[in-house]
Amino acid sequence: MFSTVPARAETVMEKVARTGVLTISTRSDLIPYSYINEEGKLVGYSIDLLNLVQEELEQRLGKDIIIQVVIEEKLSERIPKLRSGEFDIACDTAFTWERDRFVDFSTSYAVSGIRLLVNSESNLASPESLANQRIGTAPNNPGSATIKTIQPQANLVTVNSVEEGLNALEQGKVDALAGDTVILYAIREELGKDSYKLVPEQPYARYGVACMVAENNSTFLNLVNYSIIKMMQGYLVGENRFEEMVNQWFGPEGIINVDPTIIRNFFENVMITKEQVPLDKTESNAITK
């Protein structure tokens, strides 16, 4: 699936310390993870998380760090480029065992699953209903793999971007669009709730959403994990900064309305396997005031 490339002589931490630049790869259409807003600015939950990684790097290295962004829409290109050192980290990626053979994944900072976006009058939902139906999906991703598993007789139609998939659905070239629940939910909100719906009620499959780094970068990966856990812990103890960060994307008034109990339960389940991050006096005082 992904070609083998020589190991990099310089680690990410060494490169960032030398250059003062953290190069990230992201997509521009993954609401609410990473996307270009109406003001032409790259924003999203994953972008906020990468800003935390930048801050942690500055503290560890004792110097200012600049984020350089590389937009790469195709996952099939992102993993080889990550492995060859064209960028240092890529987030908003579903964990799969196949991908894990070629890169290292961080702690998951979100959980999602595979569902379908269909026209409001569609009767598609059950695996049986997908037989001989045209299902739009990106190649070599969890959506295509899941549909193949649950209904081998479905006709998979390759779409290379969210925009291409939506156009195919609107023009009747596909009967459904398979993809990440969170992203499809955001698309439905943008297009209008009356015209489209998400099915089935529960995802066909679930997975964690995480960041990818090239193999043999354990120090950098540990720093990324530390940043994720620090964010989760801050949210759970009521630190305003992290509450606002999460709620902007997933709170009751955010882009996607998620019950705070669900968010708390997920963060607690992740954190139970990790040591708590020590709070400095400034953070501690801010929480108790």
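Strands here are DSSP runs of E at least two residues long, and helices are runs of H or I with at least four; both are numbered from the N terminus. The model is predicted. Its mean pLDDT is 89, and 93% of the chain's residues reach 70 or more. Residues 281-289 fall below 50, and this stretch has 6 contacts in the model beyond near neighbours in sequence.

**Helix packing**

Two packed helices are described by the angle between their axes and the distance between the axes. Helix 8 takes part in both pairs below.

| Helix pair | Axes come within | Crossing angle |
|---|---|---|
| Helix 2 (residues 45-61) and helix 8 | 9 Å | roughly 120 degrees |
| Helix 8 (residues 218-236) and helix 10 (residues 260-271) | 10 Å | roughly 130 degrees |

Angles from 65 to 115 degrees count as roughly perpendicular, and those over 145 as roughly antiparallel. Helix 2 and helix 8 are therefore oblique to each other. Their crossing is right-handed. From helix 2, the contact draws on Y45, L49, L52, V53, E56, L57 and R60. Helix 8 answers with F220, L223, V224, Y226, S227, I228, K230 and M231. By class, the residues of this contact are 11 nonpolar, 1 polar and 3 charged.

Helix 8 and helix 10 are likewise oblique to each other. This crossing is left-handed. On the helix 8 side, I229, M231, M232, Q233, Y235 and L236 make the contact. On the helix 10 side, the residues are P260, I263, R264, F266, F267, E268, V270 and M271. The contact holds 11 nonpolar, 1 polar and 2 charged residues. M231 of helix 8 appears in the contact with helix 2 and in the contact with helix 10.

**A three-stranded sheet**

Strands of a sheet pair through backbone hydrogen bonds, either parallel or antiparallel. Here, 3 strands form an open sheet with antiparallel pairing, in the order 2-3-4. Strand 2 (29-30) and strand 4 (42-43) are the edges, and each pairs on one side only. Strand 3 covers residues 34-36 and joins strand 2 over 2 bridges in the antiparallel sense. One of the links is between L30 and S34 of strand 3, which are bridge partners.

**Backbone exceptions**

Most residues other than glycine have a negative phi, and most peptide bonds are trans. Three sites in the model depart from this pattern.

The bond from I31 to P32 is cis, with omega near 5 degrees. P32 sits in the loop between strand 2 and strand 3. The cis bond therefore belongs to the link between two strands that pair in the sheet described above, given that two strands pair if DSSP finds at least two bridges between them.

V199 and P200 are also joined by a cis peptide bond, with omega about -10 degrees. P200 is found in the loop between strand 12 (196-199) and strand 13 (205-213).

The third site concerns phi. D92 is not a glycine, yet its phi is positive, at about 45 degrees. D92 lies within strand 6 (residues 89-94).

Notes: Residues numbered from 1 in each chain as written. Predicted model: local features only at pLDDT ≥ 70, side-chain atom pairs only at ≥ 80, totals over all residues. Heavy atoms only, no water. Axes fitted to C-alpha atoms, helices over the stretch in contact; angles between N-to-C directions. Parallel < 35°, antiparallel > 145°, perpendicular 65-115°, else oblique. Left-handed = near helix turned anticlockwise from the far one by under 90°. Contact = heavy atoms within 4.5 Å. Nonpolar A, V, L, I, M, F, W, Y, C, P; charged D, E, K, R; others polar. pLDDT = per-residue confidence, 0-100.
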